[in-house]
Amino acid sequence: MAKKVITFGEIMLRLAPEGYYRFVQAESLGATYGGGEANVAVSLANYGMDAAFVTKVPKHEIGQCAVNSLRRYGVDTSYMVRGGNRLGIYFLEKGASQRPSKVIYDRAGSSMAEATTADFNWDEIFEGADWFHFTGITPALGDNVAAVCLEACKAAKAKNITVSCDLNYRNKLWSKEKAGQVMGQLCEYVDVCIANEEDASDVFGIKAAGTDVTSGKLNHDGYKDVAKQLADRFGFQKVAITLRESISANDNMWAAMLYDGNDYYFSKKYPMHIVDRVGGGDSFGGGLIYSCLTGFEPQQTIEFAVAASCLKHSIEGDFNQVSVDEVMKLAGGDGSGRVQR
Ligand SMILES: O=C(O)C(=O)C[C@H](O)[C@H](O)CO
């Protein structure tokens with residue numbers, strides 16, 4: 001039977017100018033949907049897992065469009081709650097070369113931002129579930145949503161469900177101090193932590209000894225140090241750190257490291273030309289959860305997750321639309337992207 005994974009967060013309408021147009025130039029905006037945890041659910045459904053996404057969306061047609069965007073990939077939307085006033089929106093201007101991408105949120109007062117603990121029955125949602133995933137974006141929506149997250153974490157632990165969290169710090173949603181306080185409480189329930197060195201520093205003030213995290217150029221020892229400090233502080237079973245070296249807005253080196261409490265496993269390093277970076281971290285999370293639930297060895301786990309995420313960077317939209325086979329081919333191949341016939 002397919003493993004059952006529950007993800008919890010906000011799905012938004014994503015509005016973006018075509019190609020690399022700036023906002024001021026655009027005369028139309030393309031509409032797609034996305035959100036950290038929804039993106040993870042799509043990855044997992046594409047890998048054949050039983051993935052359910054939990055959120056609250058308004059009862060009107062735009063809320064339904066968000067639901068449909070997930071259904072088309074086979075994500076279970078049956079626990080989604082209908083109500084509230086609006087679907088959150090984010091505007092995305094894609095960067096190019098030395099001009100970075102820009103995100104503008106228009107999500108205040110969304111159905112999900114106003115959700116409360118009364119909206120969700122976690123006992124029912126977690127029936128038969130193997131894994132629960134959320135990111136730091138969800139509790140950042142407000143104290144009410146952080147309270148739902150805490151309730152979900154406690155319910156998951158009571159049922160012996162593995163909990164993963166991607167720290168995903170969003171400075172447009174909350175301060176570092178508030179993030180540290182709320183995430184510190186939630187991380188007590190987390191088994192698998194996904195982070196990058198910037199998140200670890202922003203949320204928990206964890207820095208690798210003697211390195212400057214803002215430069216994005218930690219050495220291997222620096223990444224190991226960050227992962228170990230995270231695991232030591234919260235008792236995580238596993239910490240996965242993504243390693244991004246930016247060359248320009250569209251060209252990055254991409255790799256990751258997994259720490260399982262004993263050893264450190266570094267993946268291959270991929271030079272990527274980026275088509276769409278949004279959702280790149282979520283596709284890594286999806287790959288990691290799939291690998292853990294499938295029982296891959298640690299090295300294979302990190303190779304699968306990073307290859308999955310590498311492929312996502314070549315795909316338009318938030319969702320990673322690749323199969324297990326495609327990820328395996330990249331993870332086991334030479335990374336050249338040669339045509340497959
Ligand atoms: O930034 C957010 O809150 C989003 O959910 C938008 C994107 O889907 C997300 O950043 C991708 O991780």
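In which helix is the place of Glu197? This predicted model puts Glu197 in helix 6, which spans residues 197-204. The legends below take one close-up each.

**View 1. Glu197 in helix 6.** The residue is buried, because its relative accessible area is 6% and the cut-off for buried is under 20%. Thr135 serves as a reference point for Glu197. The two residues lie 62 apart in sequence. Their C-alpha atoms are 16 Å apart in space.

**View 2. Helix 1, residues 36-46, largely enclosed by the rest of the structure.** Of its 11 residues, 10 are buried, so the helix is largely enclosed. The buried residues begin with Gly36, Glu37, Ala38, Asn39 and Val40. Ala41, Val42, Ser43, Leu44 and Ala45 are also buried. Several elements cover these residues. Strands in the cover include strand 1 (4-8), strand 3 (30-34), strand 4 (50-54) and strand 9 (131-135). Helices in the cover include helix 2 (61-71) and helix 8 (280-294). Just after helix 1 comes Gly48, with a positive phi of about 90°.

**View 3. Two glycines of helix 8, Gly281 and Gly285.** Gly285 is buried, with a relative accessible area of 2%. Gly281 is partly exposed, at 29% relative accessibility. The cut-offs explain the labels: buried means under 20%, exposed means over 50%, and partly exposed lies in between. Each glycine is paired here with a residue elsewhere along the chain. Gly285 and Trp131 are 154 residues apart along the chain, and 12 Å separates their C-alpha atoms. Gly281 and Ala31 are 250 residues apart along the chain, with C-alpha atoms separated by 21 Å.

**View 4. Helix 9 packed against helix 10.** Two packed helices are described by the angle between their axes and the distance between the axes. Helix 9 covers residues 298-312 and helix 10 covers residues 324-332. Their packing angle is about 110°, and their axes are 8 Å apart. Angles of 65 to 115 degrees count as roughly perpendicular, and the two helices are therefore roughly perpendicular to each other. On the helix 9 side, the contact is made by Gln300, Glu303, Phe304, Ala307, Ala308, Cys310 and Leu311. Helix 10 contributes Val324, Glu326, Val327, Met328, Leu330 and Ala331. By class, the contact residues divide into 10 nonpolar, 1 polar and 2 charged.

**View 5. The second largest pocket, with about 490 Å³ of space.** Its lining has 18 residues. The closest to the pocket centre are Leu311, Leu330, Gly335, Ser336 and Gly337. Leu311 of helix 9 and Leu330 of helix 10 also belong to the contact between those helices. Strand 15 (270-273), helix 9 and helix 10 each supply at least two lining residues. Strand 15 gives the most, with 4 residues. The lining comprises 6 nonpolar, 8 polar and 4 charged residues.

**View 6. The one cavity of 30 Å³ or more.** Rolling a probe the size of a water molecule over the atoms shows where empty space is left. About 70 Å³ of space lies in the largest cavity. Its lining includes Tyr20, Leu92, Lys94, Gly95 and Ser101. Ala249 and Asn250 line the cavity too. A run from Ile274 through Val275, Asp276 and Arg277 to Val278 also belongs to the lining. By class, the lining has 6 nonpolar, 3 polar and 3 charged residues.

**View 7. Two residues with positive phi that are not glycine, Ser97 and Asn160.** Most residues other than glycine have a negative phi. Ser97 has a positive phi, near 55°. The place of Ser97 is in the loop between strand 7 (89-93) and strand 8 (102-106). Ser97 is partly exposed, with a relative accessible area of 38%. The phi of Asn160 is positive as well, at about 65°. Asn160 sits in the loop between helix 4 (143-158) and strand 10 (162-166). Asn160 counts as exposed, because its relative accessibility is 71% and the cut-off for exposed is over 50%.

Technical notes
Residues are numbered from 1 along each chain as its sequence is written. This is a predicted model: local features need pLDDT of at least 70, side-chain atom pairs count only at pLDDT 80 or more; totals for chains, interfaces and linings use all residues. Side-chain values use heavy atoms; hydrogens and water are left out. On a 1 Å grid over the protein atoms alone, a cavity is a set of points where a 1.4 Å probe fits but cannot get out, and a pocket is an open set with protein on both sides within 12 Å along at least five of seven lines; lining residues have an atom within 4 Å of a point. Grid points are joined across faces, edges and corners, and a volume is the space filled by probe spheres set on the points. Ala, Val, Leu, Ile, Met, Phe, Trp, Tyr, Cys and Pro count as nonpolar, Asp, Glu, Lys and Arg as charged, and the others, Gly among them, as polar. Axes are lines fitted to C-alpha atoms, for helices over the stretch in contact, and angles run from 0 to 180 degrees between N-to-C directions. Angles under 35 degrees count as roughly parallel, over 145 as roughly antiparallel, 65 to 115 as roughly perpendicular and the rest as oblique. Contact means heavy atoms within 4.5 Å. Buried means under 20% relative accessible area, exposed over 50%, partly exposed in between (1.4 Å probe, protein chains only).
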